[in-house]
Amino acid sequence: MAFVLIPGAGGEAWFWHRLVTELERRDHRVVAVDLPAVDEGAGWAEYADAVVAAAHELDDVVLVAQSMAGFTAPLVCGRLPVRVLVLLNAMIPVPGETGGAWWENTGQAKAYAELAAAQDRLVSDGFDVLVDFFHDVPADVTAEAVRRGDPSQSMTPFSQPWPLDRWPDVPTRVVAGRDDRLFPLEFQRRVAQERLGLPVDEIPGGHLVALSRPRELAVRLESYVATLS
């Protein structure tokens, strides 16, 4: 079994480096994908091409999609031998929906603000990267991320309709961090049920759970492999 890991906005394979270590320690083959996120000419098709190019030699793939990669991963399922698709704190699209429209269509802003208010956090325009994303990531990992700088993300994919007419016929699991501030847990539960009719498997950690809780995430992913015949 091979794990193919697709990052979210910014498209950097580095996001997965702590999970890669955990999975390789367990003798799994792992491919973390870099996406053409800085390319203004690249959209969902090009993102899918990048995943296929990185993983085309693999058999029996566990495809893991973080955040924005929820739009890309389903496009790959007909092109790689995917045994199970794992959505990790992921955006779940419906046919014809753009990445830009997804936020309002799902009510993300309301869920985000309500959680912030419940936790006595102030909500300002835009996201506070350290507060909303890195709040539970170890200090040394956060420092390395800051040193690397904010990854650039073209807005091109967000303007493109999701091109599939239905969700792929591939076993799908939805995993959510119980401490995710961007996509609160109950928000993810509602969206997964409304759009896929699926439950959410809860694990500790925030939106960047692969950086904050790689061991717990690896255990969860291995549990899915164990159920495959």
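## A walk from H207 to a helix pair

Select H207 first: leaving aside residues up to four places away in sequence, H207 touches Q66, S67, N89, F133, D180, L182 and F183. Keep in mind that this is a predicted model. H207 sits in the loop that runs between strand 6 (201-203) and helix 9 (209-212). With a relative accessible area of 2%, H207 is buried, so don't be surprised if you have to hide the surface to see it.

Now pick two of the residues that H207 touches, S67 and N89.

Start with S67, in the loop between strand 3 (61-66) and helix 3 (73-76). Check its backbone: phi of S67 is near 55°, a positive value in a residue other than glycine. S67 is buried too, at a relative accessible area of 10%.

Next, click on N89, which you'll find in the loop between strand 4 (82-88) and helix 4. Its phi is near 45°, again a positive value in a residue other than glycine. Is N89 buried or exposed? N89 is buried, with a relative accessible area of 0%.

From N89, move on to helix 4 (residues 99-106) and color it along with helix 8 (residues 185-196). Their axes come within 12 Å and cross at roughly 105°. Angles from 65 to 115 degrees count as roughly perpendicular, and helix 4 and helix 8 are therefore roughly perpendicular to each other. To see the contact, show side chains for W102, N105 and T106 on helix 4, and for F187, R190, V191 and R195 on helix 8. That contact is a mix: three nonpolar, two polar and two charged residues.

Methods. Residues are numbered from 1 along each chain as its sequence is written. This is a predicted model: local features need pLDDT of at least 70, side-chain atom pairs count only at pLDDT 80 or more; totals for chains, interfaces and linings use all residues. Side-chain values use heavy atoms; hydrogens and water are left out. Helices (H or I, at least four residues) and strands (E, at least two) are DSSP runs, numbered from the N terminus. Buried means under 20% relative accessible area, exposed over 50%, partly exposed in between (1.4 Å probe, protein chains only). Contact means heavy atoms within 4.5 Å. Axes are lines fitted to C-alpha atoms, for helices over the stretch in contact, and angles run from 0 to 180 degrees between N-to-C directions. Angles under 35 degrees count as roughly parallel, over 145 as roughly antiparallel, 65 to 115 as roughly perpendicular and the rest as oblique. Ala, Val, Leu, Ile, Met, Phe, Trp, Tyr, Cys and Pro count as nonpolar, Asp, Glu, Lys and Arg as charged, and the others, Gly among them, as polar.
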